[in-house]
Amino acid sequence: MYREFYRLNDIPFRLSPDPKYLFRTDSFLEVFANLQYGIENGKGIIVATGEVGTGKTTVLRSLLQSLDRSVLAAYLFNPLLTTGEFFEALATEFRLRPQASKTAMLHALGYALTTRYAQGFRTVLVIDEAHLLPPHLLEEIRLLSNF
């Protein structure tokens with residue numbers, strides 16, 4: 001209805017904001033720049049916090065769209081996972097074959113991460129709604145950061 005009446009080229013109201021239509025405020029640009037700096041300089045774990053509705057997810061999606069193709073990024077939007085589901089999601093996002101055991105999965109992940117690092121490539125894990133991560137997954141992520 002809106003699209004036809006106003007002769008719009010795209011749907012004006014979506015459930016989640018489209019980063020291409022963002023109004024880049026000073027605070028948005030600051031968060032974006034800090035995340036980008038952290039990724040480009042291998043700063044490890046980076047946290048973006050803010051009140052509900054301030055645009056954290058939108059910033060993350062915009063950042064992911066802006067990354068160079070040499071950056072392999074995994075985006076997890078639902079952190080309420082078991083350990084097995086978490087590693088299965090990582091395998092899928094990082095284009096690895098799921099492994100039969102956690103040990104085999106860690107070996108495959110470790111090999112992929114260290115190989116990419118040695119070649120000068122960045123690999124990024126973005127977790128939206130990370131405040132919902134159960135303690136056991138926080139520990140798994142901390143241990144993965146050793147790679």
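## Met105 and its contacts

Leaving aside neighbours within four places in sequence, Met105 is in contact with Phe87, Ala91, Leu96, Arg97, Pro98 and Gln99. This is a predicted model, so everything described here was computed from it. Met105 itself belongs to helix H5.

Is Met105 buried or exposed? Met105 has a relative accessible area of 3%, and buried means under 20%, so Met105 counts as buried. Try finding Tyr21 too: Met105 and Tyr21 are 84 residues apart along the chain, and 39 Å separates their C-alpha atoms.

## Two paired strands

Next, look for strand S1, which covers residues 72–76. Four of the five residues in S1 are buried, so this strand is mostly covered.

Which way do S1 and S2 pair? Strand S2, residues 123–127, runs alongside S1 in the parallel sense, and five bridges link the two. To see one of these links, start at Ala73: the bridge partner of Ala73 in S2 is Val124. While you are there, keep a general rule in mind: side chains in a regular strand alternate between the two faces of the sheet.

## The largest pocket

Now for the empty space. Rolling a probe the size of a water molecule over the atoms shows where such space is left. The largest pocket holds about 1400 Å³.

Its lining is made up of 44 residues, and those nearest the centre of the largest pocket are Gly44, Ile45, Ile46, Leu125 and Val126. Helices H2 (26–40), H3 (56–66), H5 (102–118) and H6 (135–144), together with S2, each supply at least two residues of this lining. Which element gives the most to the lining of the largest pocket? That is S2, with five residues. Sorted by class, the lining of the largest pocket has 25 nonpolar, twelve polar and seven charged residues.

## The second largest pocket

The second largest pocket has a volume of about 300 Å³. It is lined by 19 residues, with Phe28, Val31, Thr54, Gly55 and Val59 closest to its centre.

Helices H2 and H3 appear again here, each supplying at least two residues of the lining of the second largest pocket. H2 gives the most to this lining, with five residues. How many charged residues does the lining of the second largest pocket have? There is one, beside ten nonpolar and eight polar residues.

How values were computed
Residues numbered from 1 in each chain as written. Predicted model: local features only at pLDDT ≥ 70, side-chain atom pairs only at ≥ 80, totals over all residues. Heavy atoms only, no water. Buried < 20%, exposed > 50% of the residue type's maximum accessible area, 1.4 Å probe, protein only. Pairing = 2+ DSSP bridges. 1 Å grid on protein atoms, 1.4 Å probe; cavity = no way out; pocket = protein on both sides within 12 Å on 5 of 7 lines; lining within 4 Å. Points joined across faces, edges and corners; volume = space filled by probe spheres on them. Nonpolar A, V, L, I, M, F, W, Y, C, P; charged D, E, K, R; others polar. Contact = heavy atoms within 4.5 Å.
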